[in-house]
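Subject: Handing over a structure

Hello,

Here is the structure I promised to pass on. Please take a look, and my notes follow just below.

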Amino acid sequence: MTLNIPPPSARNAISSQRATPPDSDDTIDLIALFRTLWRGKVTILLATIAAVLIGAAYAFFIATPIYNATSVVMLETRQGSITGLDAVLGQLNSDSSAVNTEVEVLRGRTLMGRIVDELNLTADPEFNTALREPGPLARLKAVMLGTESQLEGDERTAWERAETVTALLGNIQIKNLPNSLVFQISVSSTSAEKSARIADTVSRLYIADQLRTRFEATENATTWLTNQVADLRVAFEAAESKAREFQSKTSLIDAETLGALDRQVKESRRRIEQIEGQIAGLDNQLERIAKTIEPAGKALAAGSDQLARLAQRTNQGDAAAATDFDTVLARTVMQLGQDRDRLIQQLSSLKEADRTLVSDIDRQSRDLIKLEQLQREAESSRLLYEYFETRLKETSAQQGIQKADSRILSDAVIVHAAAAPRKSLTLMTAAVLGLVSGMVLVLLQEMQANRVRSASELENLTGRIVLAQVPQVLENKRRGVLTYLQKNPTSAPAEAIRNLRTSILLSSVDSAPKVIAFTSSVPGEGKTTTTLALAQNLTAMGRKVLVIEGDVRICTLNQYFDASNEGSTILKALSGEVSLAEAVRTVPGVGDLLLAEKVAANGADLFSSEKFAKLIATARNRYDMVLIDTPPVLVVPDAKVIAQQADTTVFVVQWDRTERDQVTEALHQLDLVNIRVAGLVLSQVSPEGIRRYGYGSSYGAYASYGAKYYTSG
C-alpha cells in the first residue's frame, strides 16, 4: 500500500498563515473576568433575587423577632470608710482585674441561678428547652446520648434548671464600657417585656448579692471579733495579775535607787583602788629602808626629818645620835607596818562590801527587768484588747449601714422594635450573598466550560487561523440549510461561506488548492454542511465542483438530497465497475456528488489504495474544485488517510460544543502524519449566544454595526 502525497507547494503557503499563540502568563485579565460575569448576568440576577426572596421569607415570616433590653450598672470604688472598716471588710479597686472580676460575677451561674429561680424561667419554653416539642435533631440527640430520658425526679429538675441557666447565659451579654466602671447588661428575648424584666432583675439581684455578701462578711467579722475580744480580755487580765503577783512577792526598788547603788559601787571600787595604792606605797617604802645601808639613805627612804638629823650627827661620830637613830628608825618601821596592816584590813572589808553590793544590784536588776517585762506584756494585751474591742464596736455599728459596691444608673426600657432579625440588614446580606453566589456559580461554570466560544479563543488554543465563522441556520432538516443559503444569498451565513471561500482560494500565493478535505474532531460539528455550502457557493461562481463522500461508515450526504446510495458510488468507481463520470450525480446548484455506501471493509484501507489516488488525480483534471467530506479524526483514522491526497485541509469546530481537548488532540493527530491544516472554521455560531458571551461587539458578522450588511428572507 502506497500513499500518494502531493507536492507541498500549496501546503507551504498555508504554513505562513499559522496564528502565533500569545505567551501565557499568570496575570489576571480583569476585562475577561468582567465579560465572564457580564455573560452570566442573568444567573447572577436570578441568584440575587432568589437570595433576597429567601432572606425576606426568613426575616418577615420564619424568624422569630428578638427584642433587646439593657440596664446599666456603675461600679463604685470605695477609697476610704467613715467607720474604718476597710481593713476588716476590704474594698474594691478600679483596676482592670477588679472590673473583669465583676464582669465574671455578673455572668456567674450562681447569680443566673437566682434569676432563674426568682423569675421561674424553668417554666418558660424559651429558656427551658425540655418544655418545647423536640425536633428531629433533638430526638436523635436524646436517642444517641440518652441523658434526658434517664433522669427522673430531683435529678431531672436539677438538669432542667442547669440547662435553663445555660440558655439564659446565652441570651445575656455583659459589656464594660471602655475607660469606665459602667456595665451594660443586655438581655435578648422573644418578648420585649420579658427581656426588660430579666435585665432589671439581673441588676437588682447583682446589687442584692453585693449587699448580702457584705452583710455576711460583716456578720462573720463580728463573730470573729467577739471571740477574739473575749480571748484577749482573758489574756490581758492574766498578764496584769501575773505582774501584780510578782511585784508583791519581791522587794523591789526603783530604777533611781539602782542608779544610786551603782554609783556607790563605783565609789567603793575607787576607794579600793586608793587603798591598794597606799599599801603598795608602804611596801615600797619598807623595801627601800631595808635595802639601804647608809643612815642618810634610810632616813631619806623613811621620809623623816628627825632621822635625817640623827643620821647627820651619826655621820659626825656621835654615838648617842647613832643609838637614837636606830631607835627612831625601828619605831618608824613599826609604824609603817601597822599602817600597812590597817590598810589591808580596810581593803578586805571594802572588797566584801563591794561583792555584797554587786550581788544585790544584779538581783534587783533581774527582778526589775522581769517586772517590766510582765508590765509590758500586760500593756500589750491591754492595747490589743482595746483595739479589737474598738473594731468590734465599729463592725457592730456597720451592720446597720451596709452599702453595695455598685448602683443602678439606668433601668431597662421596653422597646417595641425588634433587634433581630434586622430586616434591612438581612435583605442586604442576602442580596450580597446572592450576588457573590451567582458570581461564584458563573465563574465555576466558566471554569468547567471546556468549549470554544470565539475565533480568538480557537486561534489562541490551536495556533492556527480561523478562516470563517459560520452563523447558525435555524432549520429543522439538513437540506433546509442549503435551501436557506440559496434563497438568502445576502444573509450572514451566506456571507460567512463566501468569506471561507475567499480565505481558501487566497491561501496560496502560487495557486489555489483544488482538492480540499473537510474534517472535524467528533461527529455532528457541521463539516458536511460546511462542505456542501462551500460547494454551493463555488458552483454559483461558475466553478465545476465535485463533492466526495469520504465517510463510508455513516453516509450522510443522501440526507441532504432526494437521493440514495443504491446507485453508483465511490466503491464502484474504485473497483472499476464504473468510471468517475458514471459514478457521480449532479445536483443542481451544488455540483456533482460522489456518494458512498456502507461496506464491511475498513475505510482506511480503502482510501489508502492506489485506486483512490488515481481517482483523485482524475477528479483534479476534470473539476475546478474537489471537496472531500471525511469522517471525524478522533473516531476513525480515515481522515488522516484521505487528507494525504488533498492539497489542504479545513478543520471544522462547532461553536460552544466542541471541547478544547478534542480540538487539540485531533489537530495533534493530523500533525503526526504531516497534514497541514489550512485553517479552522467555527461553525453553527449562535449570534445571540456570542453576544451573550460578550463577543458580539468584536467579531464582524455578529457585531451590531454589521447588521445592515445582511438580509434574510
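Let me start at the surface: V432, V436, V440, L444 and M447 make a nonpolar patch of about 460 Å². Such a patch joins nonpolar side chains (Val, Leu, Ile, Met, Phe, Trp, Tyr) within 5 Å, from residues with over 30% relative accessible area and no salt bridge, while like charges are joined within 9 Å; accessible areas come from the Shrake-Rupley method with a 1.4 Å probe, and only the protein chains shown count as cover for residues.

Before going on, note that this is a predicted model, where local features need pLDDT of at least 70, side-chain atom pairs count only at pLDDT 80 or more, and totals for chains, interfaces and linings use all residues. Residues are numbered from 1 along each chain as its sequence is written, and side-chain values use heavy atoms, with hydrogens and water left out.

Now the salt bridges (a side-chain nitrogen of Lys or Arg within 4 Å of a carboxyl oxygen of Asp or Glu): the count comes to 29. In one of them, D124 and K194 meet at 2.6 Å, N to O. D124 sits in the loop between α6 and α7 and K194 in helix α9, so the pair ties together parts 70 residues apart in sequence. Helices (H or I, at least four residues) and strands (E, at least two) are DSSP runs, numbered from the N terminus.

Another salt bridge joins D629 and K527, with the closest N and O atoms 3.2 Å apart. D629 belongs to strand β10 and K527 to helix α18, so this pair ties together parts 102 residues apart in sequence. D629 is buried at 1% relative accessibility, and K527 is buried at 8% (buried means under 20% relative accessible area, exposed over 50%, partly exposed in between, with a 1.4 Å probe and protein chains only).

Best wishes
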